[in-house]
Amino acid sequence: MSSLAVVLAQAPQTTVINLAPGAGTPAADPNAPIPTPPVLWAALLPILVLGIGGLVLLTISSLLKKGAPRGFYTLYTVMVAGLSMAAAVPLWAKVNGWTKIAWWDFRDLWWQSLPTEAGPFSTLGQAIGVDGLSVFLILLICIAVILGSLLSDDFLLREGLEGPETYALLLFSACGGVIMAMADDLIVLFLGLETLSIAVYVLAASHLKRAQSQEAGLKYFVLGGFSSAFFLYGIAMLYGATGTTNLVAMKDFLSRSIPANNALLLIGFALLLVGFAFKVAAVPFHAWSPDVYDGAPTPSVAFMASGVKAAGFAGLVRVFVVAFGQYAADWQPIVYALAVLSLVVGSVLAIVQNNVKRTLAYSSVSHVGFILIAVEAATPAGIQAVLFYLASYTFMVVGSFGVVTLVGRVGDGRHSLDDYKGLGRTNPLLAAIFTVFLLAQAGVPFTAGFVAKFYAVIAAVDAGSTVLAVIAMISATIAAFLYLRIIVAMYMTDSDGRSASPVSRAERIRIPFATGLSLLLCVLTTVGVGLLPGPLTELSAKGTPSLVREPARTATDGGLTVGTTGTEAAPGQSQQQG
Amino acid sequence: MSTLVPAFAAVFEQTSEHTGEVTGLGFPLLPVMVLCPLLGAIVIALLPKERVDVIRLVAVLSSVAAGALGIVALAQFEPGAPGFQFVSSATWIESLDIKFILGIDGISLFLVVLTGILFPISLLASKPEHDPKGYYAWLTLLEVGCLGVFCALDLFVFFLFFEITLVPLYMLIGKWGHGRRVYAATKFFVFTMLGSAFMLVAIVSLAILAKAGDGGTISFDLQKVIASQANLGTVTSRLIFVGMAVAFMVKTPVFPFHTWLPDAHTEAPTAGSVNLAGILLKLGTYGFLRYGLQLFPEASLYFAPTMITLGAIGIIYGGIVAAMQQNLKRLVAYSSVAHMGFCVMGLFALTIEGVEGSVLQMINHGITTGALFILLGFLYRRRHTYELAELRGIQKVAPVFAGVFTVVMLASIGVPGLNGFVGEFLVLAGTFIAHRWWAVVAAIGVIIAALYLLWAYQRAFHGEPDEANRTVPDLDWGEKLVIAPLVALIVFLGVYPKPVLDRIEPAVRRVLEHVEVSTGRELPSSRKGADLAPLVGDGHGASHPPATGLDPGAEAEHAEADR
Amino acid sequence: MGNDVNIGYLTLSAILFGVGAIGLLVRRNALVMLMCIELMLNAVNLTFVTFGSMLNDITGQVVVFFVLVVAAAEVVVGLGIIVAVARRRPGATADDLRVLRG
Amino acid sequence: MGQYLPVFALLVLAVVFGVLSLLVSKVLAPRLPTRAKEAPYECGIIPGREPPERFPVRFYLVAMIFIVFDIEVIFFFPWAMVFERLGLFGLVAIAIFAAAVFESFVYLISNGALEWGPIKRQQRSALVSPARTAETTIRRVGLEGRPRAAEEAA
């Protein structure tokens, strides 16, 4: 419900009531209409669709006397996420300046309400920005929601937890994630972050039958609250240093004048990085992720590992790489340290685990390290590598956790390595699918993982940090060892023993339709992108973010109008301005 | 198939600007050859698990087809033509100028043919105990990797195929090996993966720093990178060379990185170890030649002494440790370390004879060690052991088997008249010109090789067969059929290596001239080599004019005239 | 830029934030942790308002509204989870939440 | 200093009023102490047993619902001050916000958060056992401790 508060939030500095201390009545006459910023509802459509979709889901479920028909909630969630993606397509066309994609001609739609010229644009008084990055992220988060809801369809039935709650929470956290992706204002970013994480805290604690789930939820909540307080304190510092919380205005302020003592600025950077590092589980703020991933119900873990991390990185890229590009020299060392730590600790600790879910949690920490080396490059190629890695990583992770959901069987508790022993013999198809995902995460060629790691290494080497690339590759090799252990457990352990004995009924795991569909989707994309990385490379190339001013408005409006339309950066163009 | 080929050809348009004149015969030879086993692997994956005979048939057919295409390439090959032949390329990722280019020249031609021959023979030579479907699928996929590596002309595609060979072999050793197979497989995987991790960073930094593409963009095309690697600083090019060298040193087990080889060999199934020894070890030495010498002439010149010493150590160390082995397969594995030591030494002698000998040694070693492992496979099928202690007096019981084993073993020792000798002699001659004392050390290595192989033969084959060995049946006709082509090749190459040398020599000369041109320093052999030539009297007509300022064109007609 | 009063406020809010942070790390009882988070968020509110008055800009105060909303939402969710945990084991302190380890 | 005089006057009045009312009740009120009246709270009923260690969850639920709607009111205040100047935009904005919060209220009701009646078990099986009737299952809350009510019921 607080997500809607965001949409309504007037951009702070356009309200003219300045209650300057001591001034009795406001300067302007009392009943003059307050100028409100123009709202491009078309730009807000993706957010609205997800938010209202979640609300309507709750209403329907509360009005239905007896339970909903089987699979209705999943279908509904997939439809809402699909609709949100469809709403994002015209924005994508607008940002890239096309007027029609394939058969869909946008001119007749609500097109005229969008600003005339092509290129990224912002609305709600520069609070929400629509550019390549935000639309790419909308698509990615919606895909994560679709895959997540498909996985949880049969899972909830199996665990006896039917009900709309999980799906509503998925939609609300996606809405929060999308707000974060589109946020050009630090406060809107914070609200998106909070909407996302509060929904995910409850999602983590939603398995009522398992004590670990509640405990995971509480741990995630306490540490999440702790880190969002740091994040907010960082925003306060930046507000103190630059006098505004809007990233566009902040960038102008910093380019115009160098603040005398940028102590506030540096503290702000550090604190913001703490908040972001916690959200994406980079070391040393990763302590929560193995416990929470182990405790929380597996389908919601799939969403947490993909959607939440994508939104976290979107915020990180937009704030640091774009808004504070000039000050890259200040924050790059911190990101460098985070990357190295995440890579090394992520892969080393993963080896000592014997619980598969916990191993995957640590391996996702080492993936975060890889994405951080692309962020550390702070170049357009770096951003493209981040987006490519996030996209391919989402499918790999959701797929792997999909298989873990199935192997977890009733009670979602059987995740130790010997539950996977001989899986190659008892469930050959499931084992083959899991091997594809594991090899993809290890970065074996002809899988999306390899190409993603390749682009990340290129971005790092291009930006001159070759040492980082070498460390990354070595930790990828160490991480490969842990994926091998799982493959060994599945295929090679008892193959000589009772290989001939027929597989008993209990061992064979039935792959339900919805989970099968999402696994199929993930496998096809992982191998497809591995073979033909072209299309996804184009998409991520177009996903370069750029901070952009409010489009020009007639002189009559009061408030902070900005003269020319400062659409600074055509997509993919030089990063400095963008 | 007929409709498929033109469509396929359209994808791989025949770029002839590499070769200048000779283009492929309008039919994308190399892509079909590389992807033919892939087709086989896919078909096998789709076949039901029970139809073992059909699966085996599809596997053998697809690798024989690839071998046949290799022979066609051998026949069509223009010996003297500069540059690469049968080049076909399809763009893959435009933004990074990554193209799927395949092409071969004198050096990679015979390695491709060797792969084409060895794979079908290894498939026929042995049968897996359990789960044949996975076994044949992984083997055909391994062939795709091997063929691809030797034909790739794009750094990214080379790295891709280099990594592709990793997973199938890991599965083969891990699932169908014996003894401590999981340990050996994991050790093999991690060693190679670590090496290739360094190589990836090296390739990426090479592509970016060399700014090879037209207009200084990133380019992964081998030709462009070779042309523009000059604008790399000496230190960076040396660093990148080290990065690449680590991967290749792990792959050809050069001394410090060889520990994975004995385990991988002894635990691998027969077909696995035949291909591992026959082809996969050549990836490293081929890599050194194509991506070491050609790409970083100055750096390879700088590191030549160190590499030669490592090669020499490898020869001596391999020989001594092999002599002490009780397990026959481990003995052959260490002998491979020694033979590959020869190749490395020949390569970094940087003389025409040295490099030529090293390429020939790669081919000969592939044939002889492949044959040795097949024979050991037959032995294992009969006695289910490799331990020398348990084998005695097989000569009396299986004379034909012993006879064939003797021929192959003598070839491996390097007895004149068989193929081992030609390669090793050229390597020794080349090294003698450049680094006199290393050649002496290497010669000692040859003697040690003779020592441990003959001793092993004597222990296993001579003497009275006790009751266990008495029942060893002789080779049946199937096995004879399998081993016959290899023995024929061993004898043929030993007696008349001229056709092979004719095709290797121009390519090697071009590489060395490229090294001379870019480093600007006279390579030791080019002058003194000429006067040694009459002594050697090797087949391909030594009466060249002294090799000062030779232009390739003249050399080409000369070779033409000779034949 | 800020005269001594504002610096005073800033240091006060920094102290409050520190107390909240340390409180969260030290105290065991889940409810106390919840209160510490609230304390930290309100410390940040104070910082915002101080900067607002120093820059003579309304944004500082408007932000406080949103922080309040977020703090309230967190309390509601936090209470919900703590109650869920407490129903299983009364008197839940962070110590005995050791089911998940490693 | 002059303009703060009314503030002081108000302060004094407040203090005087507080003290006065305490004194008057202590002096004039009749003194008939009984145990119920002396008990700290529970408005005169002598608590039968210590307050139960574990409260039913409904009490917490009420607290949470209160917080949600309290926050909603916070946003109504600034809106209320300038709603006519905000015009349609303001109205639409606050309408969506109110609808969202109200929807959570609908969800709460449908999930039975506000039903405080006796615990009505959905009858899973047809009839658990004939001996159990409505009287036996409903807990007697708050009847003990009242002297008069206890005698009538017995």
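**Close-up views of chains A, C and D**

**View 1. Chain D, read along its sequence, follows the pattern α-α-α-α-α.** The model shown here and in the other views is predicted. Chain D contains 5 helices and 0 strands. Burial in this chain is 5% of its 154 residues. For contacts in chain D between residues at least 6 apart in sequence, 47% link residues that are at least 24 apart.

**View 2. Chain C meets chain A through 36 residues of chain C and 43 residues of chain A.** On the side of chain C that touches chain A, at least two residues come from each of helix H1 (4-26), helix H2 (30-55) and helix H3 (59-88) of chain C. H3(C) provides the largest share of that side, with 16 residues. By residue class, the side of chain C that touches chain A consists of 27 nonpolar, 6 polar and 3 charged residues.

**View 3. Helix H8 of chain A, residues 247-256, with its buried residues.** The buried positions of H8(A) are Leu247(A), Val248(A), Ala249(A) and Met250(A), followed by Lys251(A) and Leu254(A). Lys251(A) is thus listed among the buried residues of this helix.

**View 4. Surroundings of the buried residues of H8(A) within chain A.** The cover over these residues includes helix H6 (186-204) and helix H7 (211-242) of chain A. Helix H11 (298-323) of chain A is also included in that cover. Among the residues covered are Leu247(A) and Leu254(A).

Conventions:
Residues are numbered from 1 along each chain as its sequence is written. Chains are lettered from A and ligands numbered from 1 in the order in which they are written. This is a predicted model: local features need pLDDT of at least 70, side-chain atom pairs count only at pLDDT 80 or more; totals for chains, interfaces and linings use all residues. Two residues are in contact if their C-beta atoms, placed from the backbone, lie within 7 Å. Helices (H or I, at least four residues) and strands (E, at least two) are DSSP runs, numbered from the N terminus. Ala, Val, Leu, Ile, Met, Phe, Trp, Tyr, Cys and Pro count as nonpolar, Asp, Glu, Lys and Arg as charged, and the others, Gly among them, as polar. A residue is buried if 20 or more other C-beta atoms lie within 10 Å of its own, exposed if 12 or fewer, and partly exposed in between; C-beta atoms are placed from the backbone.
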